[in-house]
Amino acid sequence: VFSKHPITQEACTVFGDRCLGIDCFASKGVSYARVRKNGMYFNVFGTHLQAWPSIKAHSARDQQIQQTLRFIESLALPADEPVLFAGDLNTDLYLDRDYIQHMNFKLGTEIPEIHSDSHPFTVDPKENKLAGNDDPPEYAPDDWPQGCIQEYYATLVCPCCPAQWIDYTLYSKRHLRPIRSDMRTIKVKVPPFRIKVNATQEADVQDVSDHFPVLGHFVFPTVSKSTQFDRISDVPRRQTNATNSNVVVIAVVIAVVGLLVLALGWWALYQYRKKGEASP
């Protein structure tokens, strides 16, 4: 997680053996950063879930989502602060709608609208020469049962790789919600540079990743300055100015009532003595 605004708190969790296949050689997990911007705090999570669309891969993703949820809950984040998620969730927006809904239900998240200027895919083998280079043997759909490794290395276009939207920026519905939000895929290209596409072959490319980046845009309501922060740690303390104001109001009310009771007591005592002096 990178930020041009101060990161005041960090944490992470690693999925460990909650993985499948070649993914177990990667230290996948969830990174957390608490970012301070213009007097507000934003809680940002970045992650990379289990790859591939198989049933076993879905099961591994389920375990990772459960661990992510426990990790979030352990941080006890204030409900009046934004919580944002970003990362490669390896779940296609177009073909895996049911699983996307399941994931959103578990995490309490929501997918922003796709901006009208967005590229339609985050992984697009027709537009990105690196798409398919991550693990070519895994790409073996029904019409390419043996995969297309040789075709890919010959042309740097992966004919057996699907075009997908599997990278996201999300917001939590259990915390402060944005009043507007959207996300878009940006087809980033850079001046040509030379890389090794395998152990023996080099090629000129203009892509910096096999995925295009996703830009999330969130507009949040102005938050009252109710949450105070410890000046040393920036960890939220659940004491609010509103609470302090309530205490002051209660004290004033008690004082006024006390004065009224005292005044009534003096008045009653005066009436009693006056009545006694008038008696024969």
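Here two people chat about a predicted model and how its labels are earned.

Colleague: Why is isoleucine 114 called partly exposed?

Modeller: Buried means under 20% relative accessible area and exposed means over 50%, with partly exposed in between. Isoleucine 114 comes out at 36%, so partly exposed is the label.

Colleague: And where does isoleucine 114 sit?

Modeller: In strand β6, which covers residues 113–114. Isoleucine 114 also helps make a nonpolar surface patch of about 320 Å², together with Tyr94 and Leu95.

Colleague: What makes Ile114 fit for a patch?

Modeller: A patch residue needs over 30% relative accessible area. Ile114 has 36%, so that part of the rule is met.

Colleague: OK, on to the sheet. What is the order of its strands?

Modeller: It's an open sheet of six strands, β1-β2-β3-β4-β7-β5, with mixed pairing. β1 (7–14) and β5 (109–110) are at the edges: each has a single partner strand, so one side of each lacks a neighbour in the sheet.

Colleague: How do you know that β3 and β4 pair?

Modeller: Pairing takes at least two bridges. Strand β3 (residues 40–48) and strand β4 (residues 83–88) have six, in the parallel sense, so they count as a pair. Have a look at valine 44, opposite leucine 84 in β4, and threonine 47, opposite glycine 87 in β4.

Colleague: Why is β4 called largely enclosed?

Modeller: Five of its six residues are buried, so the rest of the structure largely encloses β4.

Colleague: Which helix lies across β4?

Modeller: Helix α1 (residues 55–75), which also lies across β1, β2 (29–37) and β3. Helix α1 runs at about 145 degrees to β1.

Technical notes: Residues are numbered from 1 along each chain as its sequence is written. This is a predicted model: local features need pLDDT of at least 70, side-chain atom pairs count only at pLDDT 80 or more; totals for chains, interfaces and linings use all residues. Side-chain values use heavy atoms; hydrogens and water are left out. Patches are made of residues with over 30% relative accessible area and no salt bridge: like charges are joined within 9 Å, nonpolar side chains (Val, Leu, Ile, Met, Phe, Trp, Tyr) within 5 Å. Accessible areas come from the Shrake-Rupley method with a 1.4 Å probe; for residues, only the protein chains shown count as cover. A salt bridge is a side-chain nitrogen of Lys or Arg within 4 Å of a carboxyl oxygen of Asp or Glu. Helices (H or I, at least four residues) and strands (E, at least two) are DSSP runs, numbered from the N terminus. Buried means under 20% relative accessible area, exposed over 50%, partly exposed in between (1.4 Å probe, protein chains only). Contact means heavy atoms within 4.5 Å. Axes are lines fitted to C-alpha atoms, for helices over the stretch in contact, and angles run from 0 to 180 degrees between N-to-C directions.
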